[in-house]
Amino acid sequence: MHIVVCIKQVPDSAQIRVHPVTNTIMRQGVPTIINPYDLFALEEALKLRDVHGGEVTVLTMGPPMAEDSLRKALGYGADRAVLLTDRYFAGSDTLATSFALSQAIAKIGETFGRPDIVFTGKQTIDGDTAQVGPGIAKRLDLSQLTYVAKIASIDLDTREIEVARRAEGGTQLLKSRLPCLITMLEDTNEIRRGSLQQALCAARSQVVKWTAADAGIDDLTRCGLRGSPTVVKRVFAPTARAESAAQIDTAERGLQDIADELIADILTRRPALEHELAFNSGT
Amino acid sequence: MSTASQTTPRIAPGRAGVKKELPDRFKDYRHVWVFLELERGNVHPVSFELLGEGRKLADKLEVQLAGVVLGPPGGMVEDAVAEAFAYGADLVYIVDAPPLADYRNEPFAKALTDLVNTHKPEILLLGATTLGRDLAGSVATTLQTGLTADCTELDVDSDGSLAATRPTFGGSLLCTIYTLNYRPQMATVRPRVMPMPQRVDKPVGRVMRHKLSLVEDDIVTKVLGFLPDNQSAMANLAYADVVVAGGLGLGAAENLQLVKNLARAIGAEHGCSRPLVQKGWMPADRQIGQTGKTIRPKLYIAAGISGAIQHRVGVEGADLIVAINTDPNAPIFEFAHLGIVTDAIRFLPALTEAFTRRLSPHSRDKLAS
């Protein structure tokens, strides 16, 4: 089977800092990583390939430096990597991104074989929208299976797939058909360590680089800024509250003393809580 | 980081300067819609929170607020319609058909897309739940319009455009996003981000019923079953009245036990900040913040949490925020109500003990009565 995994190179958000005075992002020196949610998708794809045979193609759209992420994915064991990079993609919102990626996936299908499954992560850690996966599914007319916790079975003869999908208040068991798009839930597997051989392979192998034209995109008005219906008008830091927290004095006092004062303060501010906390703790 | 230089957030030039030139085909798009999420007989509370927010937007725009209910024929849908009016809708659109019994993307996306194309709302709001995000992403793609996810604030601009504010850059700043030249303007909002409006009993008003232009045989995906969560095992953080959470200041995974002990002593739910989930110290369903659960408890105790913006927007709705942190300059003290500069690892056991002492006579009364 042929599986395409869409990944994104993102800044490691744990290391993003905001300048305390100017409230601007301090970007320089922030390392980039593969969006952590995408690794669950990649591992699931590699597992399916191990069982059913076939190939895993990783795809990303981004600046030329996004090649780093693709090399890492090759190091984990992906068979092929495609980098979609073009200045026409700059400023893409989720609609323009899913357009470009779906065109590239169609081209991958023509060039390397039609994919049976397209994977994405649940969402990215920089945009957090979870919109690109559904966008790709709609554009390529793939069955849309989001928040998949488990792939229970795949039958390549009947083209049927059964999955467990996280829903509100429970797990939905769904039966659908290939080709499909799966957004993989977090904590569903653990990314493998690539072998030494794969690492050597990753260093040697070519990353396929496509411009918009290479990916068969002729309508550039649907790409990048021009193809994005949303407009970011303003980026700002939230205003601080009028008054900061009332501090409880901790100097030269025992912890029990401080704890008692805190509880008294809490209950002075919210008297109704006493009854509630007592009720909760008694049940 | 002393050598790091700062740059302004990168917004492509011209982007912020995009002018509103609404094409003629969108000029008759009017009114505010809220999608009511109906699953297995219950309306998700986020739908009521959105009706409260939708009401404000509709009043500002001087237009109507409509609820949209998709579901199987029968009492479930009728009950949801009554609730929509009780929470402020002026009218309700219904599509009721057997394929809409359980959520699946195909029939729901088809029903909602057809309704939008027929009745042309200017604003469409959905809950940012697994269902709402699954549905909104594909409907916005079909309609080729803008969708802003996980908004923390919605407003109407002087020219009548929806101003949708959400965290950006991994939750370190906020941004306001517009969909100027496309309709409808779509947005999702997470549960508990908006306050629950007052429910007022009202007679059922105008209801517009539509047919689903799909039959079961057209739908590829079938529902084989549904396993409800084990309620006792699953965190119900979003709707908990009291929440205790730990952050990196706890230093080690085993110190989370201190958070759990306090939570148990006062009958609270426990949670954590994002870095702890990334470290694997706690499961993802316990994560509090923009990318985890948004909470609005009566009391929130944050132990060893610095208070990054993405955490802040997830807890700001709490009535009373207590912060415990060794760093007096931690951002959490800017939005907490009560602060203690001390080491949470040492302080949490003392607080647990003090609460237990204070509360135990009451709980004994309770048990005796």
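This is a guided tour of a predicted model with chains A and B, moving from one selection to the next.

**Stop 1: the two chains together**

Start by colouring chain A and chain B separately and showing the residues where they touch. On the chain B side, 98 residues are in contact with 87 residues of chain A. Now pick out helix α8 of chain B, residues 344-368: with 12 residues, α8 gives the largest share of the chain B side of this contact. If you colour that side by residue class, you should find 50 nonpolar, 33 polar and 15 charged residues.

**Stop 2: a helix pair across the chains**

Next, select α4 in both chains: residues 132-140 of chain A and residues 130-143 of chain B. Their axes come within 8 Å and cross at roughly 50°. An angle of 35 degrees or more that stays below 65 is neither roughly parallel nor roughly perpendicular, and α4(A) and α4(B) are therefore oblique to each other. The handedness of this crossing is right-handed.

Show side chains here to see who meets whom. From α4(A) come Pro134(A), Gly135(A), Ala137(A), Lys138(A) and Arg139(A), and they meet Asp134(B), Gly137(B), Ser138(B), Thr141(B) and Thr142(B) of α4(B). Sorted by class, the residues of this contact are two nonpolar, five polar and three charged.

Before leaving α4 of chain A, step back to Ala130(A), in the loop between β8 (117-121) and α4. What is the phi of Ala130(A), which is not a glycine? It is positive, about 60°. Ala130(A) has 26 other C-beta atoms within 10 Å, so it is buried.

**Stop 3: a helix pair inside chain B**

Keep α4(B) on screen and add α3(B), residues 105-119. The axes of α3(B) and α4(B) come within 9 Å and cross at roughly 50°. That angle makes α3(B) oblique to α4(B), and the crossing is right-handed.

On the α3(B) side, select Asn105(B), Phe108(B), Ala109(B), Leu112(B), Thr113(B) and Val116(B); they meet Asp134(B), Leu135(B), Ser138(B), Val139(B), Thr142(B) and Leu143(B) in α4(B). This contact is made up of seven nonpolar residues, four polar and one charged.

Zoom in on Asn105(B). Is Asn105(B) buried or exposed? It has 25 C-beta neighbours inside 10 Å, so it counts as buried. Leaving out residues up to four places away in sequence, Asn105(B) touches Asp134(B), Leu135(B) and Ser138(B) in its own chain, and Gln144(A) in the other. For a sense of scale, draw a distance from the C-alpha atom of Asn105(B) to that of Ala344(B): 45 Å, for a pair 239 residues apart along the chain.

**Stop 4: the nonpolar cores**

Leu112(B) from the last stop leads into the largest nonpolar core, which has 132 residues. Within this core, the residues that touch the most other members are Val5(A), Leu42(A), Val68(B), Val69(B) and Leu112(B). Centre the view on Val68(B): beyond its neighbours within four places in sequence, Val68(B) is in contact with Trp33(B), Val34(B), Phe35(B), Leu36(B), Tyr93(B), Leu112(B) and Leu115(B). A second, separate core has 58 residues, including Ile263(A), Ile266(A), Leu258(B) and Ile266(B).

**Stop 5: a strand residue in chain B**

Now go to Thr176(B), in strand β10 of chain B. Thr176(B) is buried, because 21 other C-beta atoms lie within 10 Å. Besides Ala163(B), Ala164(B) and Thr165(B), its contacts include Lys233(A) and Arg234(A), with neighbours within four places in sequence set aside.

**Stop 6: backbone details**

Finish with the loops. In chain A, look at Pro179(A) between β11 (170-177) and β12 (180-184); a cis peptide bond joins Leu178(A) to this proline, with omega about 0°. In chain B, Pro184(B) lies between β10 (173-179) and β11 (185-189), and the bond from Arg183(B) to Pro184(B) is cis, with omega about -5°.

Your last selection is Arg159(A), in the loop between β9 (143-155) and β10 (160-167) of chain A. Its phi is positive, near 65°, though the residue is not glycine. With 13 C-beta neighbours inside 10 Å, Arg159(A) counts as partly exposed.

Note on methods: Residues numbered from 1 in each chain as written. Chains lettered and ligands numbered in written order. Predicted model: local features only at pLDDT ≥ 70, side-chain atom pairs only at ≥ 80, totals over all residues. Axes fitted to C-alpha atoms, helices over the stretch in contact; angles between N-to-C directions. Helix = DSSP H or I, 4+ residues; strand = E, 2+ residues; numbered from the N terminus. Parallel < 35°, antiparallel > 145°, perpendicular 65-115°, else oblique. Left-handed = near helix turned anticlockwise from the far one by under 90°. Contact = placed C-beta atoms within 7 Å. Nonpolar A, V, L, I, M, F, W, Y, C, P; charged D, E, K, R; others polar. Core = buried A, V, L, I, M, F, W, Y, C linked by C-beta atoms within 7 Å. Buried ≥ 20, exposed ≤ 12 C-beta atoms within 10 Å, placed from the backbone.
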